Amino acid sequence: MNFASMNQIHRVRNKLLFCSCTILFLLMGATANAGAAETTAPPLTVNTGDNAWLLASSALVLMMTAPGLILFYGGLVRTKNVLSTMMHSLILMAMVSTLWMVFGYSLAFADGNAFFGNPLTHLFLKGVGAAPNGDYAPTIPQETFMLFQMMFAIITPALISGAVAERVKFSAYVVFTLVWVTLIYLPLCHMVWGKGGYFNWALGGKIPVLDFAGGTVVHISSGVSALVFAVMIGKRSGFPREPMVPHNVVLSLAGTGLLWVGWFGFNAGSALNAGGLATSAFAATHFSAAAAALSWTLVEWKFKGKPSVLGAASGMVAGLATITPASGFVSIPAAFCIGLTGGVVCYFAVTELKRMLHYDDSLDVFGVHCMGSIVGMLLLGFLANTEANPAIATTFMKGGAVVSLAGGTAQFFNQCIGVVFTTVLAAAGTFIILKVVDWTMGLRVDQEEESVGLDLSQHGERAYSE
C-alpha cells in the first residue's frame, strides 16, 4: 500500500471518529436535557391564597345548611313542626358527611366511566390528602376539594325536605335520603363534574353541558325529587282549606340573609381558585339575586296589591338558584337579566302552577329551586360568554377539533339535554326509591301524629315552652 493510500485511510478514519464523537455528544446532551426536563418539571404546588378561599367557601356552603336553610325552612312551618323541620337539615350534616367519607367522594370524583366513579379508589378517603389533584384543582389540596364538594352533597337532599315538611316520618326520610344521595346525587355529580363524566365539558365528556355550580346536580335534581315526593306522600291534612301560615317570618328572613351570603361560597368557590373567575361568579351571583328580588316583588305588588316581605325573600332565593349554573359563564348584565326572568317565572310557579296542578309542596322547593335553575340552565345556552370564561372557547374537543361552547343554538340544545336527563333521572329514581321505602316502612305519619305535630310525635320535644 503506497503512502497516499495510507493518508487517505487515516483521513477517512479521523472523519468517522469525529462524526461518531459528535453524534455521541449530541445524544448525551439530549439525554441530559430530557432527564433535566423530567426532574425539573414543576410539581403541583398548593397556592395558599386559593386554599384559604376554598376552605372559607366550604364553611360558607355549610352555613347555607346550618343555620341558613334551618332558619329559612324552620320559620315557614307551623309552631308544632319547627324542630322536626330543622332536624331534617341538621341530621344530614352528620349522615351525608359519613357517607361521603366512606364511598361518596370516590363514587363522585374517582376515575370510572361516564356515569360514576370507582367507589373503591378513595374508600374511606384513601389517597385524599395534601397533594393536589391536577384534574380538578391543581392549586389546592385534594382534601380541600373533597371538603368543598361534600358541602354540596349535604345541602342538596336538605332542600328536598321542604316539600314534605309537617307530614313525613323521620325514619323514612333518613332511609330515603341515604339511598337518594347514593343512587341519584353521586352519579349525577360524576356525570357533570367528574373526570370523564358524560356531561363534563372540561374533562372528556361526550355532551358538553355547562353547569358551573349545580343547576342540574343540586337544584333541578332536588326540585324534581321534591315534587315527586310531595305528590306521593299526599297533601297535609287540611290543605288547602285551612290556612297554614309561617309561624315566624323573622326566622326565615334571617335564614334568607345567611343563604345569600353563603351562596357566594357556593358559586364563587366553584371557580376553585381565588382569581378573576371567582370574582366574576361572585358578582353574577349578587346581581342576579338583587334582580330576582325586585322582579318578584314588583309582580306580586301588581297582582296581589301589596309587596310582601316573604315574597321579596323568596325572590332573592329564586335569583340565587337561577344564577347558580350560569354564574361562572356570563357577564353581569346577563346575570341581571337571568335574575329578572327567574324571579317572574318562580313567582308564577309557586302561585299559578301550584294551584293548577293541586300539589302540596310545603315550602315551594320545586317552584323556586327547580324552576329557577331550569331558567338559568336554558338562558345560559344563549348567554354563555367567552369573555367571562375563556375556557369555554378552547377546551371542549370533538372529532379532534376545538368546539366553542359560547352562547347559541348548539349550546342551548346541549343545555336542554342536561335538563331533560336530570329531570328524568331524578323523577324516575325518586319514584322507585319512595315506592320501596313506603312498602317497607311507610312514608307518612298517621293522622294523630300529624295533628299533634311532628316535634312531639317524632322527636318528643317542643320548640317553645307553653
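Helices H2, H8 (276-304), H9 (309-323), H10 (332-357) and H11 (365-383) each supply at least two residues of the lining of the largest pocket. The model in which this pocket is found is a predicted one. Among the contributing elements, H10 gives the most to this lining, with five residues. The space that lies in the largest pocket comes to about 970 Å³, and its lining is made up of 33 residues, of which Lys304, Val350, Lys354, Ser362 and Asp364 lie nearest the centre. Divided by class, the lining of the largest pocket has 17 nonpolar, seven polar and nine charged residues.

The second largest pocket holds about 650 Å³ of space. Its lining counts 31 residues, and those closest to its centre are Tyr136, Trp201, Ala202, Ser270 and Leu272. Two elements, H4 and helix H5 (170-193), give two or more residues to the lining of this second pocket, and the largest share, four residues, comes from H4. By class, the lining of the second largest pocket divides into 20 nonpolar, eight polar and three charged residues.

Besides these open pockets, a search of the whole structure for cavities of 30 Å³ or more finds one, and the volume of this largest cavity is about 60 Å³. The residues that line the largest cavity are Met64, Leu69, Phe72, Ile155, Leu159, Val218, His219, Leu259, Trp263, Phe266, Val317 and His369. Helices H2 (48-76), H4 (142-160), H6 (215-233) and H7 (249-268) are the elements that give two or more residues to that lining. The lining of the cavity consists of ten nonpolar and two polar residues, with no charged residue.

The three spaces are set side by side below.

| Space | Volume | Residue classes of the lining |
|---|---|---|
| Largest pocket | about 970 Å³ | 17 nonpolar, seven polar, nine charged |
| Second largest pocket | about 650 Å³ | 20 nonpolar, eight polar, three charged |
| Largest cavity | about 60 Å³ | ten nonpolar, two polar, no charged |

The aromatic side chains are the next topic. A pair of aromatic rings is described by the distance of the centres and the angle of the planes. The count for this structure comes to 24 aromatic pairs. One of them is formed by Phe109 and Tyr136, which are edge-to-face, with 5.3 Å centre to centre and 85° between the planes. This pair links distant parts of the chain, since Phe109 belongs to helix H3 (residues 82-109) and Tyr136 to the loop between H3 and H4, 27 residues apart. Phe109 counts as buried because its relative accessibility is 2%, under the 20% limit. Tyr136 likewise counts as buried, because its relative accessibility of 11% is under 20%.

Another edge-to-face pair is that of Tyr347 and Phe348, with 5.2 Å centre to centre and 80° between the planes. Are these two residues buried or partly exposed? Tyr347 is buried, because its relative accessible area of 4% is under 20%, whereas Phe348 is partly exposed, because its value of 29% lies between the limits of 20% and 50%.

Phe109 and Tyr136 also belong to one aromatic cluster, in which they are joined by Trp100, Tyr105 and Phe145. Tyr136 is thus a residue that recurs in this account, being a member of that cluster and one of the residues closest to the centre of the second largest pocket.

Methods: Residues are numbered from 1 along each chain as its sequence is written. This is a predicted model: local features need pLDDT of at least 70, side-chain atom pairs count only at pLDDT 80 or more; totals for chains, interfaces and linings use all residues. Side-chain values use heavy atoms; hydrogens and water are left out. On a 1 Å grid over the protein atoms alone, a cavity is a set of points where a 1.4 Å probe fits but cannot get out, and a pocket is an open set with protein on both sides within 12 Å along at least five of seven lines; lining residues have an atom within 4 Å of a point. Grid points are joined across faces, edges and corners, and a volume is the space filled by probe spheres set on the points. Ala, Val, Leu, Ile, Met, Phe, Trp, Tyr, Cys and Pro count as nonpolar, Asp, Glu, Lys and Arg as charged, and the others, Gly among them, as polar. Rings of Phe, Tyr and Trp (its six-membered ring) pair if their centres lie within 6.5 Å; planes under 30 degrees apart count as stacked, over 60 as edge-to-face and the rest as tilted. Buried means under 20% relative accessible area, exposed over 50%, partly exposed in between (1.4 Å probe, protein chains only).
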